[in-house]
Amino acid sequence: MPHRLLPQNDQILTVAQMRGGEEVLIAAGASVESLMRIAGLGAAEWVWRVSAGRSVTILCGPGNNGGDGYVIAEVIRERGGQVTVVAPVGPKTDAARDARTRYHGAVLGADAEVHGDVFVDCLYGSGLTRPLSAEDFALLVRLAQAHHHRIALDLPSGVQSDTGMLLNQGLPDYDATLALGAWKFAHFLMPAAATMGALRQVPIGIPAIDRAAVAVAKPRIAAPGADAHKYRRGLLAVVGGAMPGAAVLASLAAQGAGAGYVKLFADSKRNVPADLVVEQGALSDVLADDRNTAILVGPGLGRNAAARERLAVALADPVPAVVDADALILLAPRVLAERSAATVATPHEGELMALERAFDLDGTGSKPARALALAEASGMVVVAKGPDTVIAAPDGRLACAPRASSWLSTAGTGDVLAGCVASRLAAGTEAFAAACEGVWLHGEAARHASPAFTAGQLGQMVPAALAACL
């Protein structure tokens, strides 16, 4: 099942940013040893709660992650718990050596045969950039397999913190991961995020870091005022095309995400719900309504000459726009050249690659790096969606969404996401914030839906997701 984040600090930090935050604390009077003590005590509370009196085995590495493990072990020992520490080598940092001397239990070597209930991986932390050695990998896997429950401290060993890449193939999966001080990118990025289980954060007082990424969290959305009317709440124009069903899905989701009025430009009114207004005729006439506050173009648009013309007309309108699906394949830099209003793009991986080609980007680097590069080159807010969703703004703002239900991997759910984002944009929310709000509503709607839901059933859950934000 997908996890829900319990945010203590919504920052997502690179390894360098995390070190910078720790240096700020040290400059203010903390020591590495005191920070290790805070982290270890906080993590010990989670381990103690999970173990519930059952045996705990802690694998300690030579660095400060291992030092945290010794702190956890001593807390459990002092409370009368059954704890075993395994360390293939001794500590190699001053803080880790200090923590080892404060642990008053036995330490077993790498050849020890240990079985138990709860395994805690403190072998390596967020600074790892190379694969585990064959010996460390074999030890990690053996101990993980010999226990019923697995917890990773900060990150699972063998994961690259800034990219979410697995440095070794065949790493264990974990039931929970305890992030120390702040979230790391690997907590959100695939493939690493899929191995971590429930995420919990152990705060250590890390200050706000300039230009840090953030985790998408539940937005605060106000109910309409007592004097509200449909136009004041936002009028969204949805541009349909060759496959009308997709545009209808997006429109219905937009209705549930807060916009006061959603109208669909379509060639036919067949199979359209009675409460969805359909406009026909010339698209330019529909968009001439100066009450429009946002446009959504792309779901079901098609890729022929008529679709290309509709995209050009839509993006020539001076209101914020969401560009999705087919429109992303048709989009060219020249179409955006004269736009002054905000534009949000919602590409999946294939569409992201197409946009990178269109804007002459090399498409290399982590998903956040790619999204930021495209946002800067295009001037659009980019929602790089998928099992790990990243949101990037042209000014450098960056957000990552927590993992949502894997049942979202079905046709049409991207149309629902586009409708959610467009609805928040129409309601007057700034583009980056609207993208974050739409992504959160989409994930929350999936949580409310039954397993194996259709896109239509997902859209029906959007009002329930919105209700959670009021």
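## A buried cysteine to start with

Let's begin with cysteine 469, which is buried, at a relative accessible area of 6%. This is a predicted model. The closest cysteine sulfur to that of cysteine 469 belongs to cysteine 420, and at 10 Å it is too far for a bond. Cysteine 420 is tucked away as well: it counts as buried because its relative accessible area is 0%.

So how many disulfides does that leave? The count comes to zero. A disulfide needs two cysteine sulfur atoms within 2.5 Å, and the sulfur of cysteine 420 has its closest cysteine sulfur, in cysteine 469, 10 Å away.

## The seven-strand sheet

Next up is an open sheet of seven strands with parallel pairing, in the order E4-E3-E2-E5-E6-E7-E9. Which strands stand at the edges? They are E4 (107-108) and E9 (198-202); each has a single partner strand, so one side of each has no neighbour in the sheet.

Moving inward, E2 (residues 56-60) and E5 (residues 116-122) are parallel and share five bridges, with leucine 59 partnered by aspartate 121 in E5. E5 also pairs with E6, again in the parallel sense and over five bridges. Here valine 120 sits opposite isoleucine 151 in E6. To get from E5 to E6 the chain passes through helix H5, making a right-handed β-α-β crossover. Isoleucine 151 turns up again opposite alanine 176 in E7, and E6 and E7 (residues 176-180) run parallel, joined by three bridges.

## The helix lying across it

Have a look at H5 itself, which spans residues 134-145. This helix lies across E2, E3 (83-86), E5 and E6 (147-153), and its direction is at about 130° to E6.

## The twelve-strand sheet

There is also an open sheet of twelve strands, this one with mixed pairing. Its order reads E8-E1-E10-E19-E18-E17-E16-E15-E14-E11-E12-E13. E8 (183-184) and E13 (277-279) are the edge strands, each pairing on one side only.

Within this sheet, E15 (residues 321-323) and E16 (residues 343-345) run parallel and are joined by three bridges. Valine 322 has valine 344 in E16 as its bridge partner. Helix H6 (residues 244-256) packs on the sheet too, touching E11 (235-239), E12 (261-265) and E14 (294-297). What angle does H6 make with E12? The two directions are at about 170°.

Definitions and conventions:
Residues numbered from 1 in each chain as written. Predicted model: local features only at pLDDT ≥ 70, side-chain atom pairs only at ≥ 80, totals over all residues. Heavy atoms only, no water. Pairing = 2+ DSSP bridges. Helix = DSSP H or I, 4+ residues; strand = E, 2+ residues; numbered from the N terminus. Contact = heavy atoms within 4.5 Å. Axes fitted to C-alpha atoms, helices over the stretch in contact; angles between N-to-C directions. Right-handed = clockwise from strand over helix to strand, strands pointing away. Buried < 20%, exposed > 50% of the residue type's maximum accessible area, 1.4 Å probe, protein only.
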